Amino acid sequence: MPIQNDEVAPLREDVRLLGDLLGETLKTQEGESFYNLVEKIRFLSKSARQDNPDEAEAKLLKLIRSLGDEETLLLARAFSHFLNLANMAESYHLIRTHRNYADDALFSQVSPLEQLIPTLFEKGIQKETLIQTLTGMEIELVLTAHPTEVKRRTLIQKSGLISDLLTQRDRLNLTPFELAKTRENLGALIESIWQTDEIRRVRPTPVEEARWGLAIIEKVFWHAIPQYMKALNHAAQKTLGTSLPQTCCPIKISSWMGGDRDGNPNVTAKVTREVCLLSRWTAADLYYKDVDKLVQLLSMKQCNAELRELVGDVREPYRVYLRTVRNRLQQTKAWCRAQLKGQKTPSPEGVYLEVDDLLTPLKICFQSLKDQKATSVADHSLLDLIHRVNCFGLSLIRLDVRQEAPRHKELINAITEYIGLGSYSDWNETERLEFLIRECQNRRPLMPKEMPLTPEQQELIDTLRVCADLPADGLGAYVISMASCPSDVLAVRLLQKEAGIKKIMRVVPLFETLDDLNNSQDVMDQLFSIPWYKADIQGDQEVMIGYSDSGKDAGKLAASWAQYKAQEALLDTAIQHDVRINLFHGRGGSVGRGGGPVEHALLAQPPGTVNRRIRVTEQGEVIQQKYSTPEVAVHNLMQYTSAVAEATLAPPPAPKAEWRDLMESMSTISCEEYRGMIRGHENFVDYFNQVTPAQELSRLYIGSRPAKRKAGGGIESLRAIPWVFAWTQIRLMLPAWLGTGSALNWAVNEGKEPQLQEMIEQWPFFYFFMDMLDMVLSKSDLRVAAYYDECLANHELKVLGTHLRESLRTTMDVAEHIAKDLPAEEERQQWRASILVRNPYADPLNFLQGEILRRIKTKGYQSSDVLEDALMVTIAGISAGMKNTG
């Protein structure tokens with residue numbers, strides 16, 4: 001819903017309040033003179049964006065360069081905290097706005113779906129089709145530990161408390177005393193934040209990352225799912241005149257935390273086992289608490305005949321029946337705890353291993369309450385718990401395992417050489433496939449027990465054996481990164497058999513480079529043409545599309561077009577082979593890694609590829625932005641639901657032939673320029689390492705995995721996250737636009753401007769691409785990027801920097817020219833306005849960071865631990881200002 005000007009007033013008031021309270025904290029904690037210094041820098045920074053920019057900027061830079069190290073750190077902290085407080089206010093204002101637009105405040109989050117359904121009726125969609133779509137919808141969110149969340153968790157928790165207090169302030173009936181008390185509590189929180197060390201001093205372990213993921217489930221999703229289901233059912237009742245079935249729950253939660261070992265040696269078989277069991281224990285503990293509350297609540301003596309037959313002639317039938325459930329949950333917790341302690345004993349009778357064993361008694365109690373006309377009780381506590389069981393199962397989350405394709409090839413090669421079959425690695429693809437198909441169907445083991453293995457090979461087979469021992473409902477997909485051929489998929493299928501996995505994990509190839517995306521159709525066509533394989537997957541295949549590495553490999557425009565074509569081709573192939581395909585989107589938070597508003601992103605997919613189901617990663621800082629509180633989570637879950645419904649029932653049109661031809665030409669031009677710079681320019685790597693804080697990002701300790709897949713190496717071995725992260729810091733944003741400007745310029749010069757405008761207006765894919773380009777360009781800043789060159793680059797590197805900024809300017813000009821006569825989305829104007837407001841606070845952080853890097857590279861880290869801390873604070877602060885990292 002668009003935000004009108006007068007509706008921004010409460011946001012401005014919140015930002016002003018939080019800023020004033022931060023100022024009061026600075027005065028009391030650091031003194032009046034420091035507060036005045038902050039205000040002076042803020043004034044100069046604002047002036048440098050307005051009336052007399054050159055003079056104000058010169059004064060600002062001179063002042064920053066005169067600061068001591070301690071003052072530099074304090075200033076970085078002050079401006080960083082302001083931007084974080086502004087983000088908290090914006091996040092809360094989003095919910096406030098939707099609440100104000102709601103007819104019924106309890107169900108304020110359903111407005112997108114309630115608005116969509118009448119438009120679908122107008123397009124001829126039948127009521128029965130809509131009901132089938134909602135009840136059959138599968139939206140799986142995969143939480144990942146990708147290292148893009150720079151804030152410490154204790155500060156994230158405090159931001160939630162601030163949101164709660166802002167909610168209190170919005171109550172209309174507050175007395176002056178209550179209003180003053182709320183302000184006082186906000187001030188105390190901000191004072192606590194100021195006195196908290198915002199820097200992570202120790203790199204988190206994979207288990208700690210997984211615990212954080214479980215905490216998000218417990219504190220947010222556990223409460224959000226019942227609210228979401230009430231909102232969804234309310235929308236169905238209001239627009240379709242019917243309630244959704246009790247079993248309906250479109251949302252499922254999975255995780256990579258503790259399972260993603262691609263390039264991360266810290267994720268071991270032991271870690272995966274511990275995380276799965278921790279998740280199962282947490283689920284049992286949460287269910288135990290809920291059932292215990294039900295035992296206290298359901299003191300009724302009347303019940304239906306079904307429940308009476310189960311419990312006999314007792315006074316309080318619900319309590320008697322549910323105590324048995326509670327006892328079994330206690331046994332389940334005890335079993336999980338024993339397993340975590342290393343006691344690999346069989347599960348005793350009474351431990352919950354099948355979700356229906358937990359769900360059935362809850363349904364019996366629910367129906368009995370309904371029969372006794374205790375509808376309010378049934379629809380409140382009991383139905384909430386039923387929805388939770390439908391969503392979370394017995395494992396809370398389903399853990400994916402991810403490993404790179406070469407690891408599987410190495411292990412199978414070791415086996416074939418050991419048993420005298422020759423070198424699997426030397427065989428051609430046909431020979432590998434014949435061997436793998438034969439061995440997958442062979443009942444006898446292939447791998448000798450006494451076979452010697454390298455540590456890496458042992459770790460791989462240990463992981464698979466752990467998966468064989470764990471309850472199958474706690475495991476999700478086995479994702480193969482860097483998949484490039486059919487044998488990559490069948491190799492994992494064979495290794496699962498060798499490890500003794502009874503319920504085979506679905507094997508999901510991840511196509512993530514430009515070549516692999518272009519070849520993905522051929523790979524899957526070969527697999528679907530194998531009768532045994534098609535029968536083995538039971539006609540259902542999941543394929544993952546990689547956004548991060550394809551963008552890093554080919555540039556944003558070429559990668560986006562390759563992703564689109566790959567999805568079209570995969571869908572066509574699946575239809576030809578009568579296979580249902582589910583596309584798993586590996587999107588990151590930043591535009592360079594496939595990020596963007598989900599409602600636009602899903603509608604930008606090729607028609608037919610979103611067929612009631614979608615699987616998508618939620619990474620790093622995006623988890624905190626979209627799921628910070630139950631209310632924010634419900635809003636975003638409803639956005640997903642509405643977008644999937646629309647993409648399924650009213651998909652976008654297929655692109656015209658001339659649009660495709662133009663995209664092909666622009667993709668080629670864009671990729672050539674991008675790769676020519678990244679791979680071909682002799683000074684590019686030096687520029688990246690010298691001018692961006694790429695080398696320093698590893699000191700942030702924001703994730704358990706290394707920044708590179710392999711030690712040493714250049715840009716090609718660097719992961720996509722630090723690649724995007726580093727360019728975002730200096731406001732050049734290179735991964736999201738390099739090559740695009742030249743391609744668009746070529747199209748305009750060829751007389752294709754009307755066609756480009758037609759594509760923006762009529763093709764959601766291209767609209768979304770240009771919209772995200774506009775957002776990136778609004779964050780980019782030529783002046784700030786030039787400042788980093790001035791601080792850190794030698795003459796040769798400055799020449800390259802000038803060229804890159806000229807390319808950025810070209811991209812800005814041509815993108816604005818193409819869109820100049822088109823109606824702009826109000827969201828786009830709001831974002832630009834938000835950036836303009838943030839610049840006076842983000843600019844000092846950029847100028848401080850450039851100066852800090854100059855001092856560090858002149859004196860070295862040993863000269864000042866304070867400087868290193870100051871650098872880390874600026875990195876986090878700029879991330880807050882840009883509202884994303886990698």
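**Exercise 1.** Which residue forms a salt bridge with Lys370, and how far apart are the closest N and O atoms?

*Solution.* Keep in mind that this is a predicted model. Start from the side chain of Lys370: its salt-bridge partner is Asp379, with 3.0 Å between the closest N and O atoms. Now check the surroundings of each residue. Lys370 has 28% relative accessibility and counts as partly exposed. Asp379, with a relative accessible area of 28%, is partly exposed too.

**Exercise 2.** Find the salt-bridge partner of Glu90 and decide whether each residue is buried or partly exposed.

*Solution.* First, look for the partner: the side chain of Glu90 meets that of Arg838 in a salt bridge, 2.9 Å from N to O. Next, place the two in the chain. Glu90 belongs to helix 4 (residues 69–101) and Arg838 to helix 34 (residues 826–859), so this pair links distant parts of the chain, 748 residues apart. Finally, apply the cut-off: buried means under 20% relative accessible area. Arg838 is buried because its relative accessibility is 3%, whereas Glu90, at 22%, counts as partly exposed.

**Exercise 3.** Work out what the salt bridge between Glu542 and Arg506 ties together.

*Solution.* Begin with the contact itself, which spans 2.6 Å from N to O between the side chains of Glu542 and Arg506. Glu542 sits in strand 6 (residues 540–546) and Arg506 in strand 5 (residues 506–511), so the bridge ties together parts 36 residues apart in sequence. Then compare accessibility: Glu542 is buried at 7%, while Arg506 is partly exposed at 34%.

**Exercise 4.** How many salt bridges does a search of the whole structure find?

*Solution.* The search finds 46. Some share partners: Arg49, Glu57, Arg731, Asp781, Arg783 and Asp843 are joined into one network this way.

Notes
Residues numbered from 1 in each chain as written. Predicted model: local features only at pLDDT ≥ 70, side-chain atom pairs only at ≥ 80, totals over all residues. Heavy atoms only, no water. Salt bridge = Lys/Arg side-chain N within 4 Å of Asp/Glu carboxyl O. Helix = DSSP H or I, 4+ residues; strand = E, 2+ residues; numbered from the N terminus. Buried < 20%, exposed > 50% of the residue type's maximum accessible area, 1.4 Å probe, protein only.
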